[in-house]
Amino acid sequence: MSTLSGTTTATPPVRRRRSPKLGWNLLGLLVFLVLGFPLYWMLNTAFKPAKDAIDPDPSLLPTGLTFDNFRRALDIADFWGPVGRSLVVSLVVVVVGMIVGTLAALAISRFAFRGRKIVIVGILAVQMVPLVAMIIPIFLLLNDLGQYDKLTGLIITYLTFILPFTVWTLRGFIVNIPKELEEAAMVDGCTRTGAFVRVVFPLLAPGMVATSVYGFIQAWNEYLYALMLMSQEHETATVWLGNFTTKHGTEYAPMMAGATMMAVPIVVLFLLVQRKMAAGLTAGAVKG
């Protein structure tokens, strides 16, 4: 740049701020390693020889590859019976929860009625109650109704804590869908039910998928109520894992093999609905 005296001065270089992407990428990698290590250790233990699983100085890297742990897991107790019961319970909970939860969320979001705020507060209050605090009342209630040690009783129990979450989550998705879309459909001749089926339901589908996956995982992984309310004859998959702990010790390698087989349905379900689930998790995040 020239001055009055005719001399020129060099323009100082513009310092560019470092992109924060590197820091966020490192943080994301750290979170991934922390969250993924238990899964890696489960797989590593499931495929390693049983003697290496109880080594006091374990190796982080695989020391061998064997399928004996899976055969042992299938032989130690009935596997397909508990898995089948868990699938039935989880699927029924998801289907019933989505039907009832969608209708309830639609009523709370679209209709003004007396006691609406009380219902919303009640839904939040139910989710704040610790599950362990309801074991004895639920046990006594199911015993009086003749539903103790029955899959129907377990399904009703799971719905008590999965349904409030389903209603509250779907309410958030429905609120983000403009009412004008339904009104425009009704102006064109649709009934309120037809407007919901043709307009709201397609927009709500990603949120329903994300909510149903959460409900399925909750019902599939639940252990406490399945242990307290079901006998060994009708045990679910999570309780089945307890067969590897005996008075002689715990067979860690077969247990990890059983846990790996239990994780397969969840992985398959997630792969089937991952696109819808990703859309549901981001729905409503951006307006416009």
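The following exercises, with worked solutions, concern salt bridges and one buried position in a predicted model.

Residues are numbered from 1 along each chain as its sequence is written. In this predicted model, local features need pLDDT of at least 70, side-chain atom pairs count only at pLDDT 80 or more, and totals for chains, interfaces and linings use all residues, while side-chain values use heavy atoms, without hydrogens and water.

**Exercise 1.** Determine how Thr157 is placed and what it contacts.

*Solution.* Step 1: Thr157 belongs to helix 7 (residues 151–175); helices are DSSP runs of H or I with at least four residues, strands are runs of E with at least two, and both are numbered from the N terminus. Step 2: its relative accessible area is 2%, so Thr157 is buried (buried is under 20%, exposed over 50%, partly exposed in between; 1.4 Å probe, protein chains only). Step 3: apart from neighbours within four places in sequence, Thr157 contacts Ile138, Leu142, Tyr225 and Leu229 (contact means heavy atoms within 4.5 Å).

**Exercise 2.** Establish which elements the salt bridge between Glu251 and Arg72 joins.

*Solution.* Step 1: a salt bridge requires a side-chain nitrogen of Lys or Arg within 4 Å of a carboxyl oxygen of Asp or Glu. Step 2: the closest N and O atoms of Glu251 and Arg72 are 2.9 Å apart. Step 3: Glu251 lies in the loop between strand 2 (249–250) and helix 12 (252–282), and Arg72 in helix 3 (residues 68–76), so the pair ties together parts 179 residues apart in sequence.

**Exercise 3.** Classify Lys51 and Asp52 as buried or exposed.

*Solution.* Step 1: their side chains form a salt bridge (3.3 Å, N to O). Step 2: Lys51 is exposed because its relative accessibility is 62%, whereas Asp52, at 16%, is buried.
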